[in-house]
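Here is a short set of exercises to work through with the structure open beside you. Try each task yourself before reading its solution.

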Amino acid sequence: MKVFVIGNVALDETLSIEDFPRPGASIFGAALSRDLGGKGANQAVAMGRTGLACIFVSAVGQGPRGQEIAQRLAQEPLEAELVALEGVATDISIVLMSARGENAIITTREAASALTPEAAAAALARGQTGDLLVLQGNLSAAATQAALRAARDAGMRTAFNPSPLQPYFGTLWPLVDTVFLNEGEAEALGGVESLLAQGVGEIVLTLGAQGAELIRTTERTRVPAHPCAVVDTTGAGDCFMAVALASAALRGTRLDARALNHAARAAAHTVGRAGTVAAFPNRAEMAAILAT
Ligand code: ATP
């Protein structure tokens, strides 16, 4: 069984600053870290570390930032298919962390939104019945729809994380088997009942420190968060989604309470350490979590 993650990848540049600058100000900052980022890459890396065969498809530019991303992905247990586009800038995120512990994030999406519908569909040429497609909200409407339709045509299952929120999501629901989203996203999209009524098969609602809930038309299963010291919650949702899906896939079952418990443990690991991909459980830690 293979998982195809199609989504964005970026280089995350984190700077610590005393306070956020006012318009027109020049301020000093200190470089804290430079890491692989982007929701697509986050989910693919976490998925790959579970041991599932993972193919990550993403668009980058042709310059050195795209090459650095390729080198970083080569160190992960996944197959990266990077589409290097001419005249397009590789995506970056600038993360500003203030001394008060607040952050502000600026993300570009030129490369992610330039992935064509044809490339998104072609990426699934090797997809077979029983394989899984994982998507987030960073691609264009046309590319997202093309990938979901190609997956359905190939008999694959589809999982979608509607983040960041985009206006075109309403057209996608009949093509989505599983939705992972947080409370704010659920509210913005009209509530979980409305998503189920529009054709979504099942929903995993994540509730931060309050845990998560698996919701189907006839059942609801609530799982608590795994207790941990909170250092940095960035990427917790991405890690949770990947590990829940992988836990069920590796056991040959559909999502269940055990999958959500595995995901909660992996997410707590992430929350308890600084960084995003750098804070995800490594392969050995992931294996230990999945053995519980
Ligand atoms: P993010 O955008 O930060 O990646 P999200 O909003 O998509 O996160 P959340 O609902 O905040 O998703 O968190 C996902 C999961 O991570 C939760 O279901 C929980 O298991 C875990 N988690 C998040 N915050 C905490 C916390 N403070 N303590 C323990 N676990 C947490």
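**Exercise 1.** Is Glu 202 buried or exposed? Once you have decided, find its side-chain partners.

*Solution.* A reminder before we start: this is a predicted model.

Step 1. Locate the residue: Glu 202 sits in strand S11, which covers residues 202-206.

Step 2. Compare its accessibility with the cut-off. Glu 202 has a relative accessibility of 6% and therefore counts as buried, since buried means under 20%.

Step 3. List the surroundings. Setting aside residues within four places in sequence, Glu 202 has contacts that include Arg 157, Asp 177, Leu 196, Leu 214 and Leu 255. Thr 178 and Arg 216 are also among the residues in contact with Glu 202.

Step 4. Look for polar pairs. The Glu 202 side chain has a polar contact of 2.8 Å with the side chain of Thr 178, and another of 2.7 Å with that of Arg 216.

Step 5. Follow Arg 216 onward. Its side chain also meets Glu 219 in a salt bridge, at 3.3 Å from N to O. Arg 216 is buried at 9% relative accessibility, whereas Glu 219 is partly exposed at 29%.

**Exercise 2.** How many salt bridges does the structure hold? Take two of them, Arg 72 with Glu 68 and Arg 126 with Glu 79, and describe where the partners sit in the chain.

*Solution.*

Step 1. The count is 20 salt bridges.

Step 2. Begin with Arg 72 and Glu 68, whose closest N and O atoms are 3.0 Å apart. Both belong to helix H2 (residues 64-74), and because they are 4 residues apart there, about one helical turn separates them.

Step 3. Check the exposure of each partner. Arg 72 is partly exposed at 24% relative accessibility, while Glu 68 is buried at 18%.

Step 4. Widen the view: Arg 72 and Glu 68 are part of a salt-bridge network that also links Glu 13, Arg 34 and Asp 35.

Step 5. Turn to Arg 126 and Glu 79, with 2.8 Å between the closest N and O atoms. This pair links distant parts of the chain, 47 residues apart: Arg 126 is in the loop between helix H4 (117-122) and strand S8 (132-136), and Glu 79 is in strand S5 (residues 79-84).

Step 6. Compare exposure once more. Arg 126 is partly exposed, with a relative accessible area of 37%, and Glu 79 is partly exposed with a value of 37%.

**Exercise 3.** At which residues does UniProt place the feature "binding site"? Work out how they are arranged in space, then look at Asp 232 and Gly 275 in detail.

*Solution.*

Step 1. The unreviewed UniProt entry gives Asp 232, Thr 234, Thr 270, Arg 273 and Gly 275. These positions are spread over 44 residues of sequence, yet they cluster in space, with a largest C-alpha distance of 9.7 Å.

Step 2. Place Asp 232: it is in the loop between strand S13 (219-223) and helix H8 (236-251). Asp 232 is buried, with a relative accessible area of 16%.

Step 3. Trace what Asp 232 touches. Beyond residues up to four places away in sequence, its contacts are Thr 270, Val 271, Arg 273, Ala 274 and Gly 275. Its side chain also makes a polar contact of 2.5 Å with the side chain of Thr 234.

Step 4. Now approach from the other side. Gly 275 is in the loop between helix H9 (257-271) and helix H10 (283-290), and is partly exposed at 22% relative accessibility. Outside its neighbours within four places in sequence, Gly 275 contacts Asp 232 and Thr 234.

**Exercise 4.** Which residues come nearest to the ligand? Add the polar atoms around its oxygens and the extent of its burial.

*Solution.*

Step 1. There are 19 residues around the ligand, and Asn 182, Thr 206, Gly 208, Gly 211 and Gly 237 come nearest.

Step 2. Search for polar neighbours. A side-chain N or O atom of Thr 206 is 2.8 Å from a ligand oxygen. From the backbone, an N or O atom of Leu 207 lies 3.5 Å from an oxygen of the ligand, and a polar atom of Gly 235 is 3.4 Å from a ligand oxygen.

Step 3. Assess the burial: the ligand alone exposes 630 Å², of which the protein buries 81%.

Step 4. Finish with the secondary structure. H8 and H9 are the elements that give two or more residues to the shell around the ligand.

Technical notes:
Residues are numbered from 1 along each chain as its sequence is written. This is a predicted model: local features need pLDDT of at least 70, side-chain atom pairs count only at pLDDT 80 or more; totals for chains, interfaces and linings use all residues. Side-chain values use heavy atoms; hydrogens and water are left out. UniProt positions are given in the numbering used here, feature names are shortened, and annotations may be inferred rather than shown by experiment. Buried means under 20% relative accessible area, exposed over 50%, partly exposed in between (1.4 Å probe, protein chains only). Contact means heavy atoms within 4.5 Å. A polar contact is a pair of N or O atoms within 3.5 Å; within protein, one must be able to donate a hydrogen and the other to accept it, and residues adjacent in sequence count only if both atoms are side-chain atoms. A salt bridge is a side-chain nitrogen of Lys or Arg within 4 Å of a carboxyl oxygen of Asp or Glu. A residue is near a molecule or strand if one of its heavy atoms lies within 4 Å of it. Accessible areas come from the Shrake-Rupley method with a 1.4 Å probe; for residues, only the protein chains shown count as cover.
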